[in-house]
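Work through the exercises below with the sequence and the model open. Each task is followed by its solution.

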Amino acid sequence: MAPGSKGDTALAASSAEGDAIKVFVRVRPLEEGTVLADNGLCLSVLSSNTIRLNSKPEPKIFTFDHVADVDTTQESVFSSVAKKIVESCMNGYNGTIFAYGQTGSGKTFTMMGPPDSDNFTHNLRGVIPRSFEYLFFLIEREKEKAGAEKSFLCKCSFIEIYNEQLFDLLDSASAGLFLREHITKGVFVVGAVEQVLTSAAEAYKVLTTGWRNRRVASTSMNRESSRSHAVFTITVESMEKTNDVMNIRSSLLNLVDLAGSERQKDTHTEGVRLKEAGNINRSLSCLGQVITALVDVGNGKQRHICYRDSRLTFLLRDSLGGNAKTCIIANINPGSRCFGETLSTLNFAQRAKLIKNKAVINEDTQGNVK
Amino acid sequence: MATPAEWASLCEKFRSAVNLSYVESKKDPETEPYRSKYSARELLEGIKQQLGSEEAEGSPGGVGGGAAGADERERQRAVALAAVEYELGVNHTDTQEYSAGEEHLVKCAQLLEPHRLSRECVSLYIQAQNNLGILWSERDNIKTAQTYLESAEALYNQYMKENGNPPLDSSEHFMDEEEKLTDQERSKRFEKVYTHTLYYLAQVYQHLEMIEKAAQYCHTTLKRQLEYSGYYPVEWALNAATLSQYYLTKQCFMESRHCLAAASVIFGQAGQVPSAEDNETEQDQQDLRQRRAEIARCWIKYCLNLLQGARKLLEDNIGELDPDRQSELKAQQKKEEDEKEEDRKKAVLFGTSDLCDSILAMEEKVSCVFPLDFKEAREVFLVGQNYVNEAKDFFQVDGYVTDHIEILQDHSALFKVLAFFEEDYERRCKMHKRRIDMLEPIYAGLNPQYYLLLSRQLQFELADTYYEMMDLKVAIGNKLEELDSHTIKKINSLAQMAMKYYELFLDSLRSPDKIFPETLEEDVLRPAMVAKFHIARLYGKLITSDGKKQLENMQTSLEYYSFLVDYCEKHTDAVQAIETELELSREMVGLLPTRMERLRAKLSTFT
């Protein structure tokens, strides 16, 4: 043990271990009826953490924390990706699970399950419903263990981000929500409905309603669901009473279904910031982006960049290089037609692995030693 | 040439095609994103066929006008065909059929090649080159894109030098005489085409990592937007302010200041221009206020960098102001004043006459040369502090925690660097106290679960500030005949506070089960080591008359020094990050046991 370690200062900071974003790749099976011209696959899974992309002239090998081949079950995706995150959420950590990939690569299937089924009892249900079950299972177990001293409060919200605007999926009448920061509560959405949950069944209900709102929105207003991000957030608050001292712990679990990552069809609109924009942006009003890129190269000098992060990255600031356990599921379609998008998804996932909890300290080296 | 009726129908077709391409296509349903583009394409193919068939007929409808007339007609036909090829090229690239797009665009350029310096063709030709540049960059072949765009740039320059008359706009090739544009409008559109060339080049250079060149092209793009009034004030101002930050990282203070002054002046226009509906919503007002605060924050960074740059120049090897260096620089600055500045300035100046005057007036409010003494430094500091207040006005802690704290950190940094110029130690101490007063309360309220990084930064900065204050108190005390009890108490309490915050920082690195990491992450390695080292020194500085206590402090100090030494033995890659500290720690680990032995011996003789 290091000298001077007091060990009594309770700081809910994360350890160095586990801060790097975990990246998990899932390969979906080909659509039924796809004709397999010259094998038709652009990749093969070599082991449980490597994948080979049959690019020309040289094939490319990618390594991730885990690679799930086409026959992987929903249950096994859940246990290898989400289980740990839900557990650490019980221990007071924030956690986030993203699904990333082009439209049709299986993001929604992975996160939600097959479409048009409102009950989440069947085997094909995805990560989100399974997380609910597991979370409430853990809560019940905790309660039994600790008795009356410990109580839990779970709340959830469901937000959609489309065109840099926020919508509340639990209140379809609302529009134009804002992001704010609170000194003790972090980033929050002003005016978002927060629903109290007491069981997994209730959570399903909220999820279903919200999801339905999302889809309705996508037809009535000509909004394409794959162009919006959906963020389901659960706040878990535990209260423990010991010797008249109330100990409150709270953490967030974000479950995110990202917009399709494929190249935006209309090059004049702004793409998802998470992905690199196309090579040349034609709209003069995006000049700022070019300049921002120049400033980013800065050499540790003090500078301020006027352009805020996108709404999504702001909302999930803690998950991308902040104080949280984060996992990205990169979904890919093995069809050779999707080669280009698959390559770009794998490249993105590769970069995401490098994101770390960047706790840079403005440490001044001058005048230390006298 | 075609009969007037035929010609009219061609023009009509062309007009609908353009309308479909650029207006209707925006409303296409998601399921058929290119529907209008495809209809436009059909129309264009039709026009092309009609124009082509005339060629086969040898244009019999032409009025007998001799060879010259025929040449002229042939040329007109070629240009019209080129305009169609151009639209087809853009149409195909827009619908991601790059190979077909390239063919059309190359065809367009070929048709225009012999006439590219003529008033009829120059604009269209440049646009074709622009689009070939975009096309090749989509194919990830930036070098080829660069060639096309640079050739467009060169053509513009050549045309302006040799001809300079407002050229025909690319839309005019299918227009009747009476519809044709005014020279003023032509000029405006042509300049816009060229501005785009420069803007694309800025991006190409950025991709090629020719950062300086990219910045220069961004600067020119901004300049031209201003000249041809093709800008939104707020957007323009933000872009200029952002560009100023680029110049800061390059230590080009004159350019940086110019961008900021222009940003502030142009931003001022934003409020004056009545908006389209003239009923600005509250949200718009809010946005406007935020932008203003963003520009203020760029100014803060400007002042901070200027002061910090000056400090770097002036400090000696222990971080104190070097008077020799100071007088040397003062002499040098006097000599250089105004010399080179003027020339450099002409190259980057924004705006014309009136606008330029307001920008220059704005610039005068703060210097762009390094301040060399307290008085000059204070002037820069005060400007920075004003912007701090302006920025804080919008970025209040309730709602903008991160931004608010970042501004406070800047404010603290301004005080810190100003203190460097202050000679009086007591007054310097008071400046550091101001830093403590602004940072401590905000730190106390901050939840590290959501703001871990900020929280660590504040812990470290608070620790450092207390540490610095303690050093100053020791220096003040050393000048006294004898340390009075008040000073001793002060020194000890400052040291305790510094230790407290260093420990908090180190604790933040622990795992949930409170274990200090075996191996430190790269980004916290140096701060963690410095924290350990400073704590070691602080235990050494604590003043006590109690020998036993003194022995204890030495023992703790030794443990901290040993931590550094042991850690670096286990992790040799850490050595280079903390070389000086490690060396001193090794020395102390060698010395302290002997000193402690001596102290122990002394203590035992008294008991």
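Three exercises follow, on a helix pair, cysteines and a strand.

This is a predicted model, in which local features need pLDDT of at least 70, side-chain atom pairs count only at pLDDT 80 or more, and totals for chains, interfaces and linings use all residues. Residues are numbered from 1 along each chain as its sequence is written, chains are lettered from A and ligands numbered from 1 in the order in which they are written, and side-chain values use heavy atoms, without hydrogens and water.

**Exercise 1.** Determine how the axes of helices H18 and H19 of chain B cross.

Step 1. The axes of H18(B) (residues 452-479) and H19(B) (residues 485-507) come within 8 Å and cross at roughly 160°.
Step 2. That angle makes the two helices roughly antiparallel (over 145 degrees).
Step 3. Their contact has 17 nonpolar, 3 polar and 4 charged residues.

**Exercise 2.** How many disulfides does the structure hold?

Step 1. A disulfide is counted when two cysteine sulfur atoms lie within 2.5 Å.
Step 2. The sulfur of Cys298(B) has its closest cysteine sulfur in Cys306(A), at 3.5 Å, which is too far for a bond.
Step 3. For Cys356(B), the nearest cysteine sulfur is that of Cys259(B), 13 Å away.
Step 4. The total over all chains is 0.

**Exercise 3.** Is strand S14 of chain A mostly covered or uncovered?

Step 1. In S14(A), residues 325-332, 8 of 8 residues are buried (under 20% relative accessible area, with a 1.4 Å probe and protein chains only).
Step 2. Strand S1(A) pairs with S14(A) in the parallel sense over 6 bridges (pairing takes at least two DSSP bridges); Phe24(A) has Ile329(A) as its bridge partner.
Step 3. Strand S6(A) also pairs with S14(A) in the parallel sense over 6 bridges, with Gly95(A) opposite Lys325(A).
Step 4. S14(A) is therefore mostly covered.

Terms used. Axes are lines fitted to C-alpha atoms, for helices over the stretch in contact, and angles run from 0 to 180 degrees between N-to-C directions. Helices (H or I, at least four residues) and strands (E, at least two) are DSSP runs, numbered from the N terminus. Angles under 35 degrees count as roughly parallel, over 145 as roughly antiparallel, 65 to 115 as roughly perpendicular and the rest as oblique. Ala, Val, Leu, Ile, Met, Phe, Trp, Tyr, Cys and Pro count as nonpolar, Asp, Glu, Lys and Arg as charged, and the others, Gly among them, as polar. Buried means under 20% relative accessible area, exposed over 50%, partly exposed in between (1.4 Å probe, protein chains only).
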